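Dear colleague,

Please find below the structure that I am handing over to you. A description of what was found in it follows directly after it.

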Amino acid sequence: MKVAVVYQPGGPESFVLEERPLPTPTGEWVLIKVKAFGLNRSELMTRKGYSPGVQFPRVLGIECVGEVEYDPSGHYEKGQPVMALMGGMGRDFDGSYAEYTLLPKSLLHPFESTLTWETLGAIPEMFQTVYGSLYPALDIQPGETLLIRGGTSSVGLLAAQLAHQGGLAVVATTRNPQKEKAMLDNGATHVLIDSGQVAESVRALFPPGIDKVLELVGTATLHDSLSCLKPGGTACMSGMLAESWTISDFAPMEYIPATVRLTTYDSGQLTSPTSVFQDFIRQVEARQVKLPVSRTFRLAQIAEAHQFMDSNLATGKLVVIP
């Protein structure tokens, strides 16, 4: 099978395409034939050596869709469509940047669908992050206002759609004025050009402040995002587009406004039941939701795909077909 391996952290050129024998699953592990996988900023950070505890060489990839090739327990039949995400994929053990991958059975979500593999490949981590952030973390309600910091990311665009459908007014930010239309087309009510400080502009639109914030840029803009919230409002940090894990000299009493709540969402800690993924697939099939897919690459183009992700030119999800 073909795999893309990173032997030493670095730039997109760090990927080495090589042939490996098919692994043999035992116990509670299952061999999956990878049909598609989405790219994620966390993989970019791992490739650069920013993910603590990751040992190289490593096959990256924290999500995939595909078919069961062999389940030694007999629980899954060959050909069963499944999706998988997180749980150590591409970090603790080799992930989805390959034609086949070996995964713990506990990570698998079986599903049925008429969608193409390219479309399905955009779903697992993008949808789970959006769903987990908006509902378990932020508990969005009709009539509320939501600020999405990092609105042209795939998660930001899908979050705007679902929040808009849920009856919220959505303010989305971007650093690139040319991407304003994409956000409006995906459910944003207002678009702000992000210079790093948007609190004043948000207060001009909503003087009392915003009810909820979905922070996808990360620690670089989190303090300003908290300043956008009305008393009793909630911010959820679910992304790190700025590629920084920590806040220097964090002083909670000064950093977080009084009565404002700060939470996080991480699909590695809390993942939805399989039925939630299946319901979302049905929504996409019924065209109730349009998936924001920017470009599709082949596995042989993985370095080019990461270079494109590095450039921040994408408006939506990048998908790779082995």
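F37 and Y97 are both buried, where buried means under 20% relative accessible area, exposed over 50% and partly exposed in between (1.4 Å probe, protein chains only). These two residues form a stacked aromatic pair, with 4.8 Å from centre to centre and 15 degrees between the planes. Rings of Phe, Tyr and Trp (its six-membered ring) are paired if their centres lie within 6.5 Å; planes under 30 degrees apart count as stacked, over 60 as edge-to-face and the rest as tilted. The pair joins distant parts of the chain, since F37 belongs to strand β3 (residues 29-38) and Y97 to the loop between β5 and β6 (100-104), 60 residues apart. Helices (H or I, at least four residues) and strands (E, at least two) are DSSP runs, numbered from the N terminus.

Please note that this is a predicted model, in which local features need pLDDT of at least 70 and side-chain atom pairs count only at pLDDT 80 or more, while totals for chains, interfaces and linings use all residues. Residues are numbered from 1 along each chain as its sequence is written, and side-chain values use heavy atoms, with hydrogens and water left out.

In the whole structure, 10 aromatic pairs were found. Another of them is the tilted pair of Y131 and Y135, at 5.2 Å centre to centre and 40 degrees between the planes. Y131 and Y135 are four residues apart in helix α3, and therefore about one helical turn separates them. Y131 is partly exposed, at a relative accessible area of 26%, and Y135 is also partly exposed, at 33%. Ring pairs connect F127, Y131, Y135, F277 and F280 into a cluster.

F280 also appears in the largest nonpolar core, which has 41 residues; those with the most contacts inside it are I123, L134, L146, I148, L158, L214 and F280. Such a core is a set of buried Ala, Val, Leu, Ile, Met, Phe, Trp, Tyr and Cys residues joined through side-chain atoms within 4.5 Å. At least two residues of this core come from each of β5 (81-85), α3 (124-137), β8 (145-149), α4 (154-165), α9 (274-285) and β15 (317-321). Helix α4 gives the largest share, six residues. Domain 1 (2-125 + 271-320) and domain 2 (137-264) each supply at least three residues; these bounds come from an automatic or database domain assignment. Apart from this core lies another, of 37 residues, among them V3, V34, M89 and Y100.

Within the largest core, I123 touches E63, M83, L115, Q128, F280, I281 and L291, leaving out residues up to four places away in sequence; contact means heavy atoms within 4.5 Å.

How many of the 12 residues of α4 are buried? The number is 10, so α4 is largely enclosed by the rest of the structure. The buried residues of α4 include L157, L158 and L162. Just after α4, G167 has a positive phi of about 90 degrees.

One polar site may also be of interest. D224 lies in helix α7 (residues 222-226) and is buried, at 7% relative accessibility. Neighbours within four places in sequence aside, D224 contacts R149, G196, Q197, V198 and A199.

Finally, an unreviewed UniProt entry places the feature "domain: Enoyl reductase (ER)" at residues 10-320. The end C-alpha atoms of that span lie 20 Å apart, and the span is 26% helix and 26% strand.

With kind regards

How values were computed
UniProt positions are given in the numbering used here, feature names are shortened, and annotations may be inferred rather than shown by experiment.
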